[in-house]
Amino acid sequence: MKYRIKLIGENKSPRKPWLSLGIDGNFHFGGFDYAYKFDKLGKANEWLNYLKGCGKNVFKTWHDGKNWGEVNRDVLADMNPTFFDPFK
């Protein structure tokens, strides 16, 4: 199982909505093929909280082969919210 983070547009879905982490240490949003795949739910949750803290409207998805869906928000609410700065 892998986890990805998707950006939500205010009026419509952005053309390149998936979180992509560059080798330069910065993040941007790109197409599905360039989306960063998190192995651990906790690490994806840290990035989700960080992006929300930056004012981005994002949500997390799970991917298992050809199946995927949104990660249950109740599960995320039960996890300890961790805020971190990935650029420190």
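**Exercise 1. Is Lys43 buried, partly exposed or exposed, and what is its relative accessible area?**

Solution. The model is predicted.
Step 1. The relative accessible area of Lys43 is 41%.
Step 2. Buried means under 20% and exposed means over 50%, with partly exposed in between.
Step 3. Lys43 is therefore partly exposed, with its relative accessible area of 41%.

**Exercise 2. Find the side chain that meets Lys43 in a salt bridge, and place the pair in the fold.**

Solution.
Step 1. A salt bridge needs a side-chain nitrogen of Lys or Arg within 4 Å of a carboxyl oxygen of Asp or Glu.
Step 2. The side chains of Lys43 and Glu46 satisfy this, at 3.5 Å from N to O.
Step 3. Both residues belong to helix H1, where they are 3 residues apart, about one turn of the helix.
Step 4. Glu46 is partly exposed, at 22% relative accessibility.

**Exercise 3. Count the salt bridges and describe the one that involves Asp39.**

Solution.
Step 1. The count comes to 2 salt bridges.
Step 2. Asp39 pairs with Lys2 through their side chains, at 2.4 Å from N to O.
Step 3. Asp39 lies in the loop between E3 and H1 and Lys2 lies in strand E1, so this pair ties together parts that are 37 residues apart in sequence.
Step 4. Asp39 is exposed, with a relative accessible area of 52%, whereas Lys2 is partly exposed at 34%.
Step 5. As background, side chains of opposite charge can pair when their charged atoms come close.

**Exercise 4. Locate Phe38 and determine its surroundings.**

Solution.
Step 1. Phe38 sits in the loop between strand E3 (27–30) and helix H1 (41–53).
Step 2. The relative accessibility of Phe38 is 3%, so this residue counts as buried.
Step 3. Set aside residues up to four places away in sequence; Phe38 then touches Met1, Lys2, Tyr3, Ile5, Leu19, Lys43, Ala44 and Trp47.
Step 4. For Tyr3, the C-alpha to C-alpha distance to Phe38 is 4.9 Å, while the two are 35 residues apart in sequence.

**Exercise 5. Describe the largest nonpolar core: its residue count, its best-connected members and the elements that supply it.**

Solution.
Step 1. This core has 13 residues.
Step 2. The members that touch the most other members are Ile5, Leu19, Phe29, Phe38, Trp47, Leu51 and Val58.
Step 3. At least two residues of the core come from strand E1 (2–7), and at least two from H1.
Step 4. H1 gives the largest share, 5 residues.

**Exercise 6. Analyse the pairing of strands E2 and E3.**

Solution.
Step 1. Strand E2 (residues 18–21) pairs with E3 in the antiparallel sense, over 4 bridges.
Step 2. Within this pairing, Leu19 stands opposite Phe29 in E3.
Step 3. The two strands form a hairpin with 5 residues between them.
Step 4. In the turn, Gly25 has a positive phi of about 90°.

**Exercise 7. Count the aromatic pairs, then give the geometry of the pair Phe27 and Trp47 and of the pair Tyr36 and Phe38.**

Solution.
Step 1. There are 7 aromatic pairs in the structure.
Step 2. The rings of Phe27 and Trp47 are 6.1 Å apart, centre to centre, with 75° between the planes. Planes over 60 degrees apart count as edge-to-face, which is the class of this pair.
Step 3. Phe27 is in strand E3 and Trp47 in helix H1, 20 residues apart, and the pair links distant parts of the chain.
Step 4. Trp47 is buried, with a relative accessible area of 7%.
Step 5. The pair of Tyr36 and Phe38 is also edge-to-face, with 4.8 Å between centres and 70° between planes. Tyr36 is partly exposed at 37%.
Step 6. One aromatic cluster consists of Phe27, Phe29, Trp47 and Tyr50.

**Exercise 8. Summarise the whole chain: its elements, their order, its burial, its contacts and its surface.**

Solution.
Step 1. There are 2 helices and 5 strands, in the order β-β-β-α-β-β-α along the sequence.
Step 2. Of the 88 residues, 32% are buried.
Step 3. Take the contacts between residues at least 6 apart in sequence; 56% of them join residues at least 24 apart.
Step 4. The chain exposes about 6,200 Å², of which carbon and sulfur atoms supply 49%.

Key: Residues numbered from 1 in each chain as written. Predicted model: local features only at pLDDT ≥ 70, side-chain atom pairs only at ≥ 80, totals over all residues. Heavy atoms only, no water. Buried < 20%, exposed > 50% of the residue type's maximum accessible area, 1.4 Å probe, protein only. Contact = heavy atoms within 4.5 Å. Core = buried A, V, L, I, M, F, W, Y, C linked by side-chain atoms within 4.5 Å. Areas by Shrake-Rupley, 256 points an atom, 1.4 Å probe, with all protein chains shown as cover. Pairing = 2+ DSSP bridges. Phe/Tyr/Trp six-rings, centres within 6.5 Å; stacked < 30°, edge-to-face > 60°.
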